[in-house]
Amino acid sequence: MSAPAGALDEDTTPAVAVLMEPSLSRQFFGRQAWRSVAPLAQVWHPGATAGLTAAGPGQRERTEVVVTGWGSPPLTAEELDLLPHLRYVVHTGGSIRKIESPALWERGIRVSSQAENNAVAVAEYTLAMVILSLKSVQRATQLYQRTRRRVDVYREFAGEGVYGRTVGLLGASRVGRVTARLLQTLDVQVLISDPYLSTADATALGAELVSLEDLARRSDVLSLHVPALPSTHHLVDAHTLALLRDGATVINTARGSVLDTEALAAELRRGRLRAVLDVTEPLVPAPESELWGAPDLWLTPHVAGAYGADLRRLGDSAAQEVGRALRGEHLHFEVDPHSLSVSA
């Protein structure tokens, strides 16, 4: 669905190529999404499958902005050769790892992503799970369904609840920071562990900066917000899990590889810890995995990020970023290539 060109000269006006499958693009972009872009450029939709060869050389030569998303092809040197005047890539998702290439940076093309806005959905999920975990809602629900009688929460769950508890955040990533801000709405103590975070920045987030070991020892809920990097593989291992107090909950919305799943499964078998896992290693556990029946484990199918109505937040923001690019304005969500070694 291209925006109306109006009085624009289609032979000379800039073009914006949306390299997303139509069914996905429609979920991100409503009818009015390209309204502000229409006076500045022609928007064309080659899709992710047909790619840039779907249009003639003239249209490709006028393309100054490419919009990408989940399933878009990597922007390799061969792809970029088709777009001699490309200046910007606006990614509707969070991580750009699947679409970026060395050629992108070598040619000075500026890249923007919606990692900041996708972080909102993940942080909202995390906040909800922190509250539900501290109130022991899953255990209460299971007890209610098993006994089919009134549950005396004052007796059965006397040690549970939100007030005065401690929530530990491993990682001051975008999601970690938004989560820290949301947690300020609760009467909880927030701890955070991140080697790249200063004490002043932690204080500004309403959190106390601590080591990983202190984070584990003191947290009632430990929530993981670090990227999948060689340095973070199984960062939360058997040793870290052993430091958690009895009855503590581990929440993972980051990547499955940052948590030693076998070590966690052992703690779950013993009934010492609880967990909420939106990601695992592999992402979908094998059918025979003990995670499917593990006690005190809330296993969700990778739903923390944006989907459904929340995709419009990403789409509207990306369309606005395209407008800024075409007007030569400051990009709000520009990716620093030098940060990719420590980010998702």
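In the predicted model described here, helix 5 runs over residues 115–134, and its 20 residues, at 1.5 Å a residue, should span 28 Å, a value with which the 28 Å separation of its end C-alpha atoms agrees. Of these 20 residues, 14 are buried, so helix 5 is largely enclosed by the rest of the structure. Helix 5 is followed by Ser136, a residue whose phi is positive, near 55°.

With regard to the protein as a whole, 13 helices and 12 strands are present, and the C-alpha atoms fill a box of roughly 75 × 45 × 40 Å when taken along the principal axes. The protein has 344 residues, of which 52% count as buried, while its accessible surface comes to about 16,300 Å², with 52% of that surface belonging to carbon and sulfur atoms. Among the contacts with a separation of 6 or more, 66% are made by residues that stand 24 or more positions apart.

Charged side chains number 33 on the positive side and 39 on the negative side, and the centres of the two sets lie 7 Å apart. A search of the whole structure finds 20 salt bridges, and several of the residues concerned can be described individually. Arg149, Asp152, Arg155 and Glu156 are linked in a network of salt bridges. Within this group, the side chains of Arg149 and Glu156 meet at 3.7 Å, N to O, and those of Asp152 and Arg155 meet at 3.9 Å, again N to O. As to their surroundings, Arg149 counts as partly exposed because its relative accessibility is 35%, and Glu156 is likewise partly exposed, with a relative accessible area of 31%. Asp152, at 24% relative accessibility, also counts as partly exposed, whereas Arg155, at 55%, counts as exposed. A further salt bridge joins the side chains of Glu267 and Arg272, with an N to O distance of 2.8 Å, and both of these residues are buried.

Some features of the backbone also deserve description. The peptide bond from Glu281 to Pro282 is cis, with omega near 0°, and Pro282 is found in the loop between strand 11, residues 274–277, and strand 12, residues 297–299. Arg148, although it is not a glycine, has a positive phi of about 55°. This residue is found in the loop that lies between helix 6, residues 137–147, and helix 7, residues 153–156, and Arg148 is exposed, since its relative accessible area is 76%, over the 50% that marks an exposed residue. His234, which is not a glycine either, has a positive phi of about 55° and is placed in the loop between strand 9, residues 221–224, and helix 11, residues 238–243. With a relative accessibility of 23%, His234 counts as partly exposed.

Two buried residues, one in a helix and one in a strand, illustrate how individual positions are set within the protein. Ser25 lies in helix 1, which covers residues 22–28, and its relative accessible area of 6% places Ser25 among the buried residues, for which the limit is under 20%. When neighbours within four places in sequence are left aside, Ser25 is in contact with Val18, Met20 and His45. Val190 is found in strand 7, residues 189–193, and, at 4% relative accessibility, Val190 counts as buried. Residues up to four places away in sequence not being counted, Val190 touches Val167, Leu169 and Leu183, together with Gly206, Ala207 and Glu208. Val190 and Ser113, by comparison, are 77 residues apart in sequence, and their C-alpha atoms are 28 Å apart in space.

Technical notes:
Residues numbered from 1 in each chain as written. Predicted model: local features only at pLDDT ≥ 70, side-chain atom pairs only at ≥ 80, totals over all residues. Heavy atoms only, no water. Helix = DSSP H or I, 4+ residues; strand = E, 2+ residues; numbered from the N terminus. Expected span 1.5 Å × (residues − 1). Buried < 20%, exposed > 50% of the residue type's maximum accessible area, 1.4 Å probe, protein only. Contact = heavy atoms within 4.5 Å. Areas by Shrake-Rupley, 256 points an atom, 1.4 Å probe, with all protein chains shown as cover. Lys, Arg positive; Asp, Glu negative; His and termini not counted. Charge placed at Lys NZ, Arg CZ, Asp CG, Glu CD. Salt bridge = Lys/Arg side-chain N within 4 Å of Asp/Glu carboxyl O.
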